Structure formats: structure tokens, C-alpha cells
Amino acid sequence: MIRVQTEDFDIGAEVAALSKDRHDIGAVVTFSGTVRDKTGDLLALELEHYPGMTEKELVRIEREAQERWPLEASLIVHRVGRLAPGENIVLVVTASAHRQAAFEAAEFLMDYLKTRAPFWKREETASGGDWVDARDSDDTAAARWTKK
Amino acid sequence: MKLLYFAWVKQKTGTAEEDVTLPPEVTDVTGLIDWLRRRDEGYEAAFEDLKVIRCAVDQEHADLNASIAGAQEVAFFPPVTGG
């Protein structure tokens with residue numbers, strides 16, 4: 001399941017909902033990303049996205065993870081709009097019978113999300129706003145999944 | 001055809017969304033970019049460095065040499081930075 005929303009999410013509640021009444025799950029991995037103030041003067045992080053394509057791309061990414069690993073359940077939640085330092089940005093949850101698939105699929109989902117899902121971050125400080133540059137290391141991280 | 005712009009591409013073109021009627025010789029993304037660049041200095045600035053331009057045709061990632069024949073919607077944006 002995927003969701004794009006402005007409101008915050010509760011990691012515990014999301015995991016509970018995902019695994020409710022399920023006895024086939026032996027491992028749940030969660031990753032959450034939060035707003036980091038790198039320079040000490042961040043006022044807010046503005047998350048822009050491409051409504052329509054964002055949801056389609058997240059569905060494509062999730063489907064690919066489900067084809068590659070034996071997942072019992074998965075969830076991607078990504079926030080958009082204006083976020084303060086320390087706030088949640090993204091949540092990925094993967095559930096499987098065993099931990100290896102859950103760990104790997106969570107990493108894959110984040111690597112693909114970071115390089116394919118149409119979101120853009122803009123850092124707002126007292127001196128103005130700056131669009132965040134994409135990092136080569138994210139491309140490198142995503143590329144390792146295509147070598148298989 | 002509907003054109004969409006995001007992040008700093010949107011800031012430079014000064015437009016989030018527009019409908020355009022393209023001349024018949026514009027058949028791929030590169031041709032579309034060339035056509036847009038001739039419109040004014042904002043578009044020229046937005047598409048100055050194509051290494052940092054990504055595009056989607058009908059809401060799917062596409063190469064800059066992709067065809068736009070029959071496309072409803074083309075979007076231009078910088079490399080994505082979500083997550």
C-alpha cells in the first residue's frame with residue numbers, strides 16, 4: 001500500500017495496522033526518514049511532488065519489491081508540504097516470513113524511492129530558500145539492485 | 001498537449017502548467033525543449049543545462065530522446081530528491 005499525505009504518521013500504529021490478525025509474518029522492518037538540520041539554521045523543509053505520477057511511481061516501486069522478495073505486506077508513506085526540523089518525512093514498512101527479505105526489500109524501496117519517485121526538497125532558512133541537489137551516492141545505491 | 005514544470009524548473013520558466021499546441025515538426029522531447037527554449041529567457045535559463053533536466057511522458061520517466069507522439073502530458077523537473 002502507498003500513501004502521499006501532508007499529515008504526520010504514527011510508526012507504531014502503521015505497523016500494528018499492517019500486521020493485525022496476520023500470523024504468517026515473522027519479520028517486520030521499518031525505515032523512517034526525518035527532516036535533518038544540516039547547518040543549524042533550517043526553518044522548514046518544503047516537499048513538492050508531481051500529483052498523479054507520484055502515486056503511480058510508488059505503486060510501480062512497491063510492485064517491483066513484491067516481485068523480487070517474498071513479502072507478506074508492505075507500506076510506503078511519504079509526506080508533502082512544509083515540514084519542520086525533526087518531523088517525519090517518509091516511512092517504509094516491509095513484512096515477511098523471515099528477516100532477510102524484509103531488510104533487503106526495505107533498502108530497495110528506499111533506494112528506488114529516492115531516485116525515481118517525483119519529490120523535490122527545498123530547504124528554507126533565514127537567508128532564503130534552496131532546492132536540494134540530488135546526490136550521486138543515491139544513484140549508486142539504487143544501481144546495485146540492477147546488477148542482480 | 002499539457003506541459004508541467006516542477007521545483008526550480010518551474011521557478012525558471014515561471015509556469016507550473018500550460019497547454020500548448022506544437023508545430024508538427026516537434027516529435028520528441030529534445031525537439032520540444034528546443035521549441036520551448038526559443039520562447040523566452042526564462043525557458044532558455046530553465047533548459048540551459050540538460051544534464052540536470054529529467055522528464056516524464058504521460059507520468060512515466062522518459063529519456064530526453066523519447067517520442068512525444070500522441071502524448072497527453074509531458075513534465076520537466078530536476079533529478080528527484082525525495083525520501
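Student: How much space lies in the largest pocket?

Tutor: About 1,000 Å³ lies in the largest pocket. The model is a predicted one.

Student: What makes this space a pocket and not a cavity?

Tutor: A cavity is a set of points that the probe cannot leave, whereas a pocket is an open set with protein on both sides. The space of about 1,000 Å³ is listed as a pocket, so by that definition its set of points is open.

Student: Which residues are closest to the centre of the largest pocket?

Tutor: A:K114, A:R135, A:D138, B:V80 and B:T81 are the closest, out of 42 lining residues. Two or more residues come from each of β2, α3, β7 and α4 of chain A, and from each of β3 and β4 of chain B. The lining splits into 21 nonpolar, 8 polar and 13 charged residues.

Student: What does a search of the whole structure find in the way of cavities of 30 Å³ or more?

Tutor: The search returns 1 cavity, and the largest cavity holds about 30 Å³.

Student: How do you know that both chains line the largest cavity?

Tutor: The lining includes A:W120, A:K121, A:W131 and A:V132 from chain A, and B:A7, B:W8, B:P78, B:P79 and B:T81 from chain B. A lining residue needs an atom within 4 Å of a cavity point, so residues of both chains meet that cut-off. At least two lining residues come from β7 (119–125) of chain A, and at least two from α1 (7–13) of chain B. By class, 7 are nonpolar, 1 is polar and 1 is charged.

Student: Why is helix α3(A) called oblique to α4(A)?

Tutor: The axes of α3 (residues 99–116) and α4 (residues 136–143) of chain A come within 9 Å and cross at roughly 130°. That angle lies between 115 and 145 degrees, outside the ranges for roughly perpendicular and roughly antiparallel, so the pair is oblique. The crossing of α3(A) past α4(A) is left-handed. On α3(A) the contact uses A:D111, A:Y112, A:K114 and A:T115, and on α4(A) it uses A:D138, A:D139, A:A141 and A:A142. These residues comprise 3 nonpolar, 1 polar and 4 charged.

Student: What makes α2(A) roughly antiparallel to α3(A)?

Tutor: Helix α2 (residues 53–68) of chain A packs against α3(A) at about 150°, with the axes 10 Å apart. Angles over 145 degrees count as roughly antiparallel, so the pair falls in that class. The crossing of α2(A) past α3(A) is right-handed. Among the residues in contact are A:L58, A:I61 and A:A65 of α2(A), and A:F108, A:L109 and A:L113 of α3(A). The contact has 7 nonpolar and 5 charged residues, with no polar ones.

Student: Where does B:A66 lie, and what does B:A66 touch beyond four places away in sequence?

Tutor: B:A66 is in the loop between β4 and β5 (73–77) of chain B. Beyond that sequence limit, B:A66 touches B:D28 and B:V29.

Student: How do you know that B:D28 and B:V29 count as touching B:A66?

Tutor: Contact means heavy atoms within 4.5 Å, so B:D28 and B:V29 each have a heavy atom within that distance of one in B:A66. As for B:C55, its C-alpha atom is separated by 9.4 Å from that of B:A66, and the two residues are 11 residues apart along the chain.

Methods. Residues numbered from 1 in each chain as written. Chains lettered and ligands numbered in written order. Predicted model: local features only at pLDDT ≥ 70, side-chain atom pairs only at ≥ 80, totals over all residues. Heavy atoms only, no water. Axes fitted to C-alpha atoms, helices over the stretch in contact; angles between N-to-C directions. Helix = DSSP H or I, 4+ residues; strand = E, 2+ residues; numbered from the N terminus. Left-handed = near helix turned anticlockwise from the far one by under 90°. Nonpolar A, V, L, I, M, F, W, Y, C, P; charged D, E, K, R; others polar. 1 Å grid on protein atoms, 1.4 Å probe; cavity = no way out; pocket = protein on both sides within 12 Å on 5 of 7 lines; lining within 4 Å. Points joined across faces, edges and corners; volume = space filled by probe spheres on them.
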